[in-house]
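Colleague: Could you take a close look at one helix for me and set it in the context of its chain?

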Amino acid sequence: MGFFDKLTGTKHPEAGLAPCPAQELRAALLGLNRPDVPYVISDGSAQGADLVAEWRIDEPAWQTFFIGSQLTHAIRIRMRLAEDVPEVRAVEESWEVTRVGNPPRLQTSAEYGRGGGRTVSRRYTFQRGESGRLEATESFSFDSAQLTAPLRDTALKSGWTWRGVIFGKL
């Protein structure tokens with residue numbers, strides 16, 4: 001793995017793993033959609049991509065989760081399936097968001113970022129343990145890798161390279 005691969009988050013599949021057809025990979029990526037995951041993967045043709053994955057921050061069923069996470073950035077990953085190479089070219093985009101009003105609603109700022117990044121949020125509660133000592137127990141955890149990792153791992157298991165794109169076109 002070269003310097004630019006590390007910089008962009010590019011990963012290659014295991015040597016000798018034959019890539020599956022693009023339609024099969026597309027179906028596998030769309031198959032990651034489930035009601036119990038905090039993201040949704042959909043057709044990305046309206047956004048200049050083959051597929052788009054993004055947080056469900058606007059969905060009422062997930063608002064409590066994202067309010068609890070104190071999420072400060074909305075993330076969207078646009079993916080292009082380049083069958084001739086074969087690689088998934090992925091652009092990670094993020095916007096700063098804040099919650100305003102009661103009931104809270106999202107407000108986006110003018111801040112925009114492109115390229116890999118990771119947001120981790122954890123909340124702990126402190127209480128006395130059986131020994132009488134003060135102990136910290138993790139009561140909430142959120143990691144933006146919950147969006148990137150399943151997409152990347154599915155591409156790699158399908159024999160495709162996951163190529164992060166920072167500059168240029170998708």
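Modeller: Sure, let's take helix α4, residues 145-157: its 13 residues should span 18 Å at 1.5 Å a residue (the expected span is 1.5 Å times one less than the number of residues), and its end C-alpha atoms are 17 Å apart, which agrees. Keep in mind that this is a predicted model, where local features need pLDDT of at least 70 and side-chain atom pairs count only at pLDDT 80 or more, while totals for chains, interfaces and linings use all residues. Residues are numbered from 1 along each chain as its sequence is written, and side-chain values use heavy atoms, leaving out hydrogens and water.

Helices here are DSSP runs of H or I with at least four residues, strands are E runs of at least two, and both are numbered from the N terminus. Buried in α4 are Leu147, Thr148, Ala149, Leu151, Thr154, Ala155 and Leu156, where buried means under 20% relative accessible area with a 1.4 Å probe, protein chains only. An α-helix has 3.6 residues a turn, so residues three or four places apart point the same way. After α4 comes Gly159, with a positive phi near 85°.

Zooming out, the protein chain has four helices and eight strands, in the order α-α-β-β-α-β-β-β-β-β-α-β from the N terminus. Of its 170 residues, 38% are buried. As for confidence, pLDDT is the predictor's own score for each residue, from 0 to 100; the chain's mean is 80, with 69% of residues at 70 or more. Among the elements, helix α2 (residues 22-30) has the highest mean, 97, and strand β5 (residues 105-114) the lowest, 52.

Technical notes. Buried < 20%, exposed > 50% of the residue type's maximum accessible area, 1.4 Å probe, protein only.
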